[in-house]
Amino acid sequence: MFKNYKEIKEYIKKEKILFIDFKIIDLCGRLRHLTIPASRFTETLMKDGIGFDASNYGYAQVEKSDMVFYPDLASAHFEQFSDLPTLSMFGDVYVIGEKNVPFNQYPRNIIKAAVDYMKSNKIADEMIIGPEYEFSVFDSVSYSTNPKDISLKINNDESIDAANNLDSDGYHSSGAGAYHIDQPVDKTFDFRNEACLLMNEYDIPVKYHHHEVGGSGQLEIEVEMGDVIKMADDTIMAKYIIKNVAREFDMSATFMPKPIFNEAGNGMHVHMLLRKNGKSVFYEKGKYSNLSTTAMYFMGGILKHIKSLCAICNPTTNSYKRLVPGFEAPTTIGYATANRSSVIRIPSYAKKENTRFELRNPDATCNPYLAYSAILMAGIDGIKNKIDPQDNNWGPYDCNLFDLSDKQKAKLDFLPGSLDEAIDALKKDYKYLLAGDVFSEDLINRWIKVIEKDNDEIKKIPHPAEYERYFDL
């Protein structure tokens, strides 16, 4: 948005901006922020940065937790969710020293390092991606994890469950019949319009939005493809906008992969291609689905490392409640054209320079900077080592993989069925992430400890379904 300090200072004066809000990413991908009066936003600050204590951001302990934040003027935008005029922006985090250096665990620095590594190997100049944001919107949510009160109650006026409510209007959708449903059953149309308008104002171009399959307010907003670094920022901001707009509509939005049992889950499918000198290196006419050898090797790298990638792209226990058969979620390691049952799908509608493939396992509980970086590193490993998917029995599977016989299924390999399995895979397979010093071993070890802690704690909590099954034994 802004090219230099002079431009942004003129904007601050013109729009009577009172505060500058700096958005910082923690290890798990949650937004934190630090705000200063606009009068303190000086050229000296741009040069010296903002000092802060990073000890509570989840990263591996370093000798000094004092860090410095340098604003990224190009990311600046007017903050829509503030009563007072505020300008908000991302930035980069550096370690304070004799000469400040980029903090090698900070997610934004990692994705920039991954792109630089791709360029240094002369593979491509750009990674272009397009995420699909699936999420659920509820009218009210209450839950308790008190040892003597373990409960969850969700209300959504669209759901067929709300038909018994005295204030029901009679318009409801079934648990799996709401795909593209129209008004008056679609009660979130205005909300999605508002969210998409704001996303466009934040320079996140929207492709389309619609109601998804789930009958309890499951929705999707798909955005135009763009540069992977910007798209990582945009993923954070898209979630931020959707959650805050929902709040203004007196609703709650969640990106949990499986918020409701036996209904469709929320994924974040990622479409991707590489470009060099402005041309796609994924397109080659006459090849399978017009995908080049480079594209196939890139795909091969992802499929080789997909189990360990799951620990980064699907980092929660809830993620694996989505990755089950029967809900168009992938479970099988393979690729195919126009087939939603394989973990990699090649859209048949993508032509020529837009020829690409879609990775279907990620969900939006991931840290997008880490997830997109890890996907890129796996793909680069595939290119460097010429990993051909066909040589490894990964496809193409141009059939419904769920309909194969048991004998045919025995030849297939599957995604991890739990966070336990994904963590074990990452412990055994992470060297490809260390190439070019993109990821550090400290960060990977810290990441494993964080998700392992969640996994171990949740396994200890009794579940209401266990009472239903075992209370009377």
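Start in helix α6, where the buried residues are Ala 295, Met 296, Tyr 297, Phe 298, Met 299, Gly 300, Gly 301, Ile 302 and Leu 303. Keep in mind as you look around that this is a predicted model. Those buried positions make up 9 of the 12 residues of α6, so the helix is largely enclosed by the rest of the structure. Its length works out too: α6 covers residues 293–304, and at 1.5 Å a residue it should span 16 Å, which agrees with the 16 Å between its end C-alpha atoms.

Helix α5, residues 228–248, makes a good companion case. With 21 residues at 1.5 Å each step, α5 should span 30 Å, and its end C-alpha atoms are indeed 30 Å apart. Burial tells a similar story to read off: 17 of the 21 residues of α5 are buried, so this helix is largely enclosed by the rest of the structure. Have a look at its ends as well. At the N-terminal end, Asp 227 acts as a cap, with a side-chain oxygen 3.1 Å from the backbone nitrogen of Ile 229. After the helix comes Asp 250, which has a positive phi, near 60°.

Now for strand β9, residues 126–138. This strand is mostly covered, with 12 of its 13 residues buried. Follow its pairings and you meet several other strands. β9 runs antiparallel to β16 (residues 270–276), and 6 bridges hold that pairing; here Met 127 sits opposite Leu 274 of β16. β9 also pairs with β14 (residues 226–227) in the antiparallel sense, over 2 bridges, and Ile 129 has Gly 226 in β14 as its bridge partner. With β13 (residues 218–223) there are 5 bridges, again antiparallel, and Tyr 133 is matched to Ile 221 in β13. Then there is β15 (residues 252–254), antiparallel to β9 over 3 bridges, where Ser 136 has Thr 254 as its bridge partner.

Ser 136 leads straight to another residue worth a stop. The side chains of Ser 136 and Asn 266 are joined by a polar contact of 3.0 Å. Asn 266 belongs to the loop between β15 and β16. Is this loop residue buried or exposed? Asn 266 has a relative accessible area of 0%, and since anything under 20% counts as buried, it is buried. A polar atom of the Asn 266 side chain also lies 2.9 Å from the backbone oxygen of Met 256. Leaving out residues up to four places away in sequence, Asn 266 touches a good list of others, including Glu 134, Phe 135, Gln 218, Thr 254, Pro 257, Arg 322 and Asp 363.

Asp 363 gives us a way over to Lys 207. The two are 156 residues apart along the chain, and their C-alpha atoms are separated by 19 Å. Lys 207 is located in strand β12, residues 206–211. At 34% relative accessibility, Lys 207 counts as partly exposed, because that value falls between the 20% and 50% cut-offs. Setting aside neighbours within four places in sequence, Lys 207 is in contact with Glu 222, Val 223, Glu 224 and Arg 356.

Next, turn to the open sheet of 4 strands, ordered β3-β4-β7-β8 with antiparallel pairing. The edges belong to β3 (50–53) and β8 (101–102); each has a single partner strand, so one side of each is left without a neighbour in the sheet. β3 pairs with β4 (residues 66–71) in the antiparallel sense over 4 bridges, and within that pairing Ile 50 has Phe 69 of β4 as its bridge partner. Helix α3, residues 107–120, packs on this sheet and touches β7 (91–95) and β8, with its direction at about 95° to that of β7.

Finish with a pair of helices. Two packed helices are described by the angle between their axes and the distance between the axes. For α7 (residues 306–313) and α11 (residues 419–428), the axes come within 7 Å and cross at roughly 115°. The crossing of α7 and α11 is left-handed. At this meeting, α7 brings Lys 307, Ser 308, Cys 310, Ala 311 and Ile 312, while α11 brings Ala 422, Ile 423, Ala 425 and Leu 426.

Note on methods: Residues numbered from 1 in each chain as written. Predicted model: local features only at pLDDT ≥ 70, side-chain atom pairs only at ≥ 80, totals over all residues. Heavy atoms only, no water. Pairing = 2+ DSSP bridges. Contact = heavy atoms within 4.5 Å. Axes fitted to C-alpha atoms, helices over the stretch in contact; angles between N-to-C directions. Buried < 20%, exposed > 50% of the residue type's maximum accessible area, 1.4 Å probe, protein only. Expected span 1.5 Å × (residues − 1). Polar contact = N/O pair within 3.5 Å; in protein donor to acceptor, adjacent residues only side chain to side chain. Left-handed = near helix turned anticlockwise from the far one by under 90°.
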